[in-house]
Structures are given as C-alpha cells and as structure tokens.
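Have a look at the sequence and the 3D structure. Then read this short report on some helix pairs and single residues.

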Amino acid sequence: MHDVTMLALVGVSFALAIVYAKLCAHLLALPAREDVSP
Amino acid sequence: MTVAGWLEIVLFAAIVGLLTRPLGGYLARVYAGERTLLQFLIGPVEATLYRIAGVKPEAEQSWYRYAVSLLLFHALGVIGLYALLRLQPVWPFNPQNLPAVSADLALNTAVSFVTNTSWQSYVSETTLSYANQMVGISVQSFLSAASGMAVAIALMRGFARQRSATVGNFWVDLTRGTLYVLLPICILGALFLVADGVPQTLAPSAEVTTLEGGRQVIARGPVATQEAIKLLSGDGGGFFNANSAHPFENPTPLTNLMEVVLIFMLGTALTNCFGRTVGSERQGWVLLCVMAILFGLGVGGLYLLEARGNPALATLNVDQTRGLQQPSGNMEGKEVRFGIAGSVLFADVSTASSDGAVNAMHDSFMPLSGGILLANMMVNEVIVGGPGSGLYGMLLFCIIAVFLAGLMIGRTPDYVGKKIGASEIKLTILAMICVPAATLGLTAIACVLEPGLAGLGNAGPHGYSEILYAYTSGAATNGSAFAGLSANSTFWNLTLAFAMFVGRFLVIIPVLAVAGSLAAQGVSPRSTGTLPTDRALFVCFLFGVIVIVGGLTYLPALALGPIVEHLQMLGGALR
C-alpha cells in the first residue's frame with residue numbers, strides 16, 4: 001500500500017511538471033506587447 | 001587565522017582558476033559535437049548507445065520536447081531507484097544483509113539523488129548495500145549532473161542561436177556529458193583517491209578488536225569510485241554518514257584540497273564554455289568574477305568568524321586560542337587533520353556549489369557562520385553552483401539585472417545580443433520564485449506542526465535554523481545537513497522530497513522555456529544605448545542585484561535564526 005501511494009505521488013508530481021511546461025509554452029505563445037523603447 | 005590557512009585558500013582558487021579556460025574549451029567542443037581527444041575511445045560506445053536507444057543524434061528538439069524528455073527520463077530514474085531501494089535484500093553485493101529501505105525514506109532518497117541534491121535522511125553505511133551505493137546512488141549522481149549541464153548548454157544555445165526552433169537534443173547532451181566529461185574525470189579522481197588511502201573494496205565491514213579488548217565494526221566498501229562522482233557531480237551524498245569528515249572518504253589535507261577542486265571545476269568551466277558559445281569569452285569571465293567575489297566574501301567571513309572562536313565557550317574556560325597546547329585554535333565541530341582553514345574552505349565550497357558534502361559539522365559553527373552557509377544556498381546556487389545549475393541560475397540573475405537596468409534608462413533590455421522581453425522576464429520570475437516559496441513556506445509549516453518539531457535537536461533560534469537549513473538545502477538542491485535534526489520521519493521525508501522536486505524541476509522548465517524563446521529570436525544589434533555586459537560595471541551591478549534580491553527574499557528568515565542567535569551569544573544569553 002505504501003509503495004502504491006509513493007509511486008502515485010511520483011507519477012502525479014511529474015505529470016504536473018509536464019502540465020507546468022505546457023503552461024510555460026502557453027505563456028510564450030501569448031502575443032507580446034509592442035516594443036516602445038526609443 | 002594563519003598565513004598557511006590563507007595560502008591553502010589561495011592555492012585552491014588558483015587551481016580552479018587555471019582549470020577554467022582549458023576545461024571550458026573542452027566542454028564547448030564536447031557539446032558542439034566536435035571531435036575530442038577521447039573520441040577514438042568513447043565514440044564507438046556513444047554510437048552504440050544511440051543505436052540501442054533509437055536516438056537520432058542529428059535530430060534536434062524544441063525546448064518543450066527537450067523538457068518533456070528530461071522529465072520522463074528522471075521520472076523513470078526516481079521509480080528505478082525507488083525499486084532498487086525497496087528491493088534491497090534481493091540484490092547481490094549486500095554483505096551486511098541490510099534490509100529493504102522504508103517506503104518514505106526510499107522516496108526521499110530517490111528524489112534526492114535524481115534531483116542532484118543528495119540529502120541523506122539515513123546513515124549510509126548501515127542503510128544501503130554496496131549494490132545500491134554503486135548502481136543506485138552513483139548512477140543517479142552521474143545522470144543528474146549530466147542533465148544539469150545539458151540544461152545549461154540548452155540555455156547557452158538559446159543565447160547563441162538565431163531564429164532557431166530547437167535548443168539541442170537532450171539525449172545527446174546527456175550522453176556526451178556523461179561519457180566525455182564526467183566519466184573520464186571521475187576515473188582519474190578515483191585513482192587519485194585510492195592512491196591517497198581511500199578504500200575501494202567489495203569486502204564486508206571489518207571486525208577488529210580494540211586496544212581495550214572491545215569489538216569494533218569498521219565499515220568500508222567501494223568508496224573511491226563513489227567519492228569522485230559525489231564531488232564532481234555537485235551531488236555530495238557520502239558513502240559514510242560523516243561524509244568527507246570520515247577518514248575513509250577524505251583521509252588527508254591533499255585529498256581535501258583535491259575534493260574542493262573537484263566540486264568547483266565544472267561549475268567554473270561552464271562560465272568559460274558560455275563565453276565561447278556566445279562568441280565572447282569576456283562574458284564568461286564577468287560571470288566568474290561575480291562568483292569569485294561572492295565566494296571570497298563567504299570564505300573570508302567564515303574564516304574570520306571561526307578563527308575568533310566562541311565567546312560563550314570562552315566563559316567556560318575552553319581554550320580556543322592557538323598555542324603550544326592547542327595548535328589549531330577553535331576546533332569546535334572540525335576535524336584535526338583539516339584545521340580551521342580546510343574546514344571553512346570546504347564548507348563554503350560545498351554550500352556555494354550545490355554539492356552539500358561536508359568535512360565539518362556546520363551545526364557547530366558560529367551562528368553567523370551558519371548564516372553565511374545559508375546565504376550561500378539562498379542565492380539560488382549562483383556562486384558556482386552545481387554543474388549546469390550554477391550557470392543557469394546566474395544567467396537568470398543576468399536577465400533580471402539587464403531588465404532592472406533597462407527600467408532605469410528606459411530601454412528594452414538585451415543581453416548578449418538577445419532582447420529580454422515580457423515573456424522572458426515572466427519565465428525568469430517563475431524560475432526564481434519557486435525556490436524561496438518552497439523553502440519559506442515549508443519552514444513555516446514545519447515550525448508550527450508537531451511532526452516538524454519532533455526531529456529537532458535544539459530549541460530556540462538554533463532549532464529554527466536547523467529547520468530553515470534543511471528546507472533551504474533541499475530546495476536549493478544542495479543536500480548538506482546542519483546536523484542536529486533527525487529527518488528520517490514520514491513528515492520530513494515527504495516534505496523534503498517535495499522541496500527538492502520543486503527546487504530542481506520547477507526551475508529547469510522555465511529555464512528551458514527561456515532558452516527556446518531566446519533561440520527563436522534574431523540578434524539585436526548593439527547600439528549606444530546597449531548596456532555593456534562584459535565590463536567591470538556589470539560585475540558590480542550583477543553583484544548588487546544578487547545581494548539585494550537574495551537579501552530582500554531571505555533576510556527576515558535569517559534574522560529569526562542565525563542573527564538572533566548571534567545577538568544572544570553576544571549578550572551572554574546562550575547556554
């Protein structure tokens with residue numbers, strides 16, 4: 001039982017990390033504001 | 001403080017400095033896929049590995065695929081190491097017949113070594129078999145270091161490439177880092193250690209009769225091979241519980257010097273590799289200068305504090321003054337064969353890098369010394385740091401620095417020819433905020449929950465420092481322990497595993513995203529409004545940004561621990 005719990009924790013953690021990477025990709029895909037520097 | 005002590009520190013700095021350029025050039029050639037001296041020997045092995053794994057070395061990956069490959073590879077690493085630890089009695093090379101590691105400890109240990117942290121909640125020599133030390137722990141030491149370097153290289157490519165959709169191939173970078181960099185240096189390092197007295201044997205622990213007629217069990221094993229990668233990888237997990245304070249891991253002052261050089265050499269060389277990759281070695285020297293200043297302040301402060309001794313002990317008539325009766329001075333928590341200089345040098349190198357090996361007990365250092373060690377880890381591993389993690393941590397600070405400079409002068413910031421826009425800043429902040437969030441959040445939780453307080457060896461500010469140190473060490477993927485905290489409980493094993501996971505992977509992902517974003521850009525032409533980042537001015541500015549950002553984030557937490565304890569000591573309130 002302990003092993004199942006621990007391995008589930010590992011699986012969920014890495015799955016969330018992949019979702020986090022997807023969110024970062026989404027962040028990059030957002031249109032950037034126009035460059036207003038002189 | 002002694003002249004010999006300062007000479008030891010200067011000698012160390014000189015050796016590391018001399019290695020930086022040649023090793024940096026070698027790293028640049030390895031990761032560019034160019035031929036090296038070892039090509040004839042390692043090339044066929046590399047090609048065979050690609051064939052077996054079905055990897056096409058010429059096929060490059062986007063940053064997202066690079067990140068997912070890294071995550072899946074390390075997920076398998078955690079599961080594999082967990083299984084090895086849980087099934088320990090089944091494997092060979094277990095002469096002491098050690099039982100299986102408990103579930104929560106196995107999870108903590110697996111995450112710890114896969115994330116290049118090497119936090120050890122266990123006593124190595126009475127918990128892990130030789131098979132698990134060699135196949136479990138050491139293999140992950142190699143792979144986690146190679147993975148950290150791969151991420152740094154991907155970020156370098158982001159700065160160097162123009163309008164590219166890819167940042168490299170994770171499998172190739174991982175393989176080349178392991179085969180061409182880590183393995184050869186470790187073989188030489190292990191041979192050096194064996195020659196100087198470090199054991200390398202599969203024989204069981206020796207049982208001897210002491211002079212008093214008692215029976216003593218002396219643990220031993222394949223120490224030298226693990227020791228070399230423990231230091232080079234920035235991993236730091238000892239074969240013995242006493243780590244590099246144990247005479248079988250670090251027998252002489254010469255091995256002590258060699259060990260600190262091994263810890264720093266890849267981190268410093270990567271700055272030169274960065275300079276070469278972006279076409280200006282000066283950019284790398286600037287980063288190394290900032291690292292050197294931060295390191296110098298740390299080691300100087302530690303040496304000063306430790307050499308002066310503890311006034312609380314002086315009131316008890318403990319002799320801490322150098323003299324004929326007491327040639328070393330304040331030896332509280334230190335090994336006689338290393339003295340004060342060898343101990344503070346090792347402690348500063350270990351916490352400034354992400355290594356976490358120890359040759360003295362940090363818990364026994366002066367309160368402000370403990371504060372310096374904490375501060376080293378709290379600046380996001382940028383004082384050399386681990387292989388790769390130090391460089392990408394420093395480059396994140398560079399991005400913040402040029403952003404702040406851009407705000408001051410009203411221009412879009414750029415760094416080594418790449419514009420730093422809103423996306424890069426958001427991703428950098430994401431990468432930088434998760435470590436303090438995990439460290440401070442978990443420290444607060446542990447301070448108010450019974451399971452968190454149960455493992456403490458001290459009350460008051462020192463006890464708080466023990467908690468803060470544990471989570472700082474975990475989230476910074478350092479792995480050194482302050483000692484005094486019994487961390488082998490379900491609460492500590494799980495929360496520290498969480499801190500290590502966050503500190504490693506939730507930093508790496510946005511770093512790779514920044515790499516992808518930068519690689520997709522063209523080069524921004526240099527103009528009169530461009531902040532020069534290869535001058536002394538930028539060294540000072542970057543140093544200031546690191547100190548201010550680190551200070552603003554962690555000073556309140558440090559004030560409650562080491563600073564209060566120092567004031568208590570001065571006020572005579574410590575007992």
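Leaving aside its neighbours within four places in sequence, which residues is B:His362 in contact with? There are seven names to find in the model, which is a predicted one. They are B:Ala347, B:Thr351, B:Leu373, B:Tyr469, B:Ser480, B:Ala481 and B:Phe482.

## Around B:His362 and B:Ser369

B:His362 sits in the loop between helix H12 (339-352) and H13 of chain B. Is B:His362 buried or exposed? Its relative accessible area is 2%. Buried means under 20%, so B:His362 is buried. One of its contacts, B:Tyr469, also appears in a polar contact. The side chains of B:His362 and B:Tyr469 are joined at 2.9 Å.

Now move into helix H13 of chain B, where B:Ser369 is found. B:Ser369 has 0% relative accessibility and counts as buried. Neighbours within four places in sequence aside, B:Ser369 is in contact with B:Leu302, B:Leu305 and B:Glu306. How far apart in space are B:Ser369 and B:Ala347? The distance is 9.7 Å, C-alpha to C-alpha. In sequence, 22 residues separate B:Ser369 from B:Ala347.

## How the helices pack

Two packed helices are described by two values: the angle between their axes and the distance between the axes. Here are three pairs from chain B.

| Helix pair | Axis distance | Angle |
|---|---|---|
| H9(B) and H10(B) | within 5 Å | roughly 150° |
| H13(B) and H19(B) | within 8 Å | roughly 165° |
| H8(B) and H9(B) | 7 Å | about 45° |

Start with H9 (residues 253-277) and H10 (residues 281-308) of chain B. Their axes cross at roughly 150°. Angles over 145 degrees count as roughly antiparallel, so H9(B) and H10(B) are roughly antiparallel to each other. The crossing of H9(B) and H10(B) is right-handed. Which residues meet there? H9(B) brings residues including B:Phe264, B:Thr268, B:Thr271 and B:Phe274. H10(B) brings residues including B:Trp285, B:Leu287, B:Leu288 and B:Phe295. By class, the residues of the contact of H9(B) with H10(B) are seven nonpolar, six polar and two charged.

Next come H13 (residues 367-378) and H19 (residues 536-570) of chain B. H13(B) and H19(B) are also roughly antiparallel to each other. Their crossing is left-handed. From H13(B), the residues in contact are B:Pro367, B:Leu368, B:Gly371, B:Leu374 and B:Met378. Their partners in H19(B) include B:Tyr554, B:Leu558, B:Pro562 and B:Ile563. How many residues of each class does the contact of H13(B) with H19(B) have? There are nine nonpolar, two polar and one charged.

The third pair is H8 (residues 223-232) of chain B with H9(B). H8(B) and H9(B) are oblique to each other. On the H8(B) side are B:Glu227, B:Ala228, B:Leu231 and B:Leu232. They meet B:Glu259, B:Leu262, B:Ile263, B:Met265 and B:Leu266 in H9(B). The contact of H8(B) with H9(B) has seven nonpolar, no polar and two charged residues.

## Two asparagines with positive phi

B:Asn116 is not a glycine, although its phi is positive, about 65°. It lies in the loop between helix H4 (103-114) and helix H5 (124-127) of chain B. B:Asn116 is buried, with a relative accessible area of 2%.

B:Asn243 also has a positive phi, near 55°. Where is B:Asn243? It is in the loop between H8 and H9 of chain B. At 4% relative accessibility, B:Asn243 counts as buried.

## Buried and exposed

Two last residues round off the tour.

B:Gln521 lies in the loop between helix H18 (490-519) and H19 of chain B. With a relative accessible area of 17%, B:Gln521 is buried. Its side chain makes a polar contact of 3.3 Å with the side chain of B:Glu424. Not counting residues up to four places away in sequence, B:Gln521 touches B:Arg161, B:Gln162, B:Arg163, B:Lys418, B:Lys419 and B:Glu424.

B:Val3 belongs to helix H1 (residues 3-31) of chain B. Is B:Val3 buried or exposed? B:Val3 is exposed, with a relative accessible area of 64%. Along the chain, B:Val3 and B:Ile293 are 290 residues apart. Their C-alpha atoms are separated by 20 Å.

Terms used:
Residues numbered from 1 in each chain as written. Chains lettered and ligands numbered in written order. Predicted model: local features only at pLDDT ≥ 70, side-chain atom pairs only at ≥ 80, totals over all residues. Heavy atoms only, no water. Axes fitted to C-alpha atoms, helices over the stretch in contact; angles between N-to-C directions. Helix = DSSP H or I, 4+ residues; strand = E, 2+ residues; numbered from the N terminus. Parallel < 35°, antiparallel > 145°, perpendicular 65-115°, else oblique. Left-handed = near helix turned anticlockwise from the far one by under 90°. Contact = heavy atoms within 4.5 Å. Nonpolar A, V, L, I, M, F, W, Y, C, P; charged D, E, K, R; others polar. Buried < 20%, exposed > 50% of the residue type's maximum accessible area, 1.4 Å probe, protein only. Polar contact = N/O pair within 3.5 Å; in protein donor to acceptor, adjacent residues only side chain to side chain.
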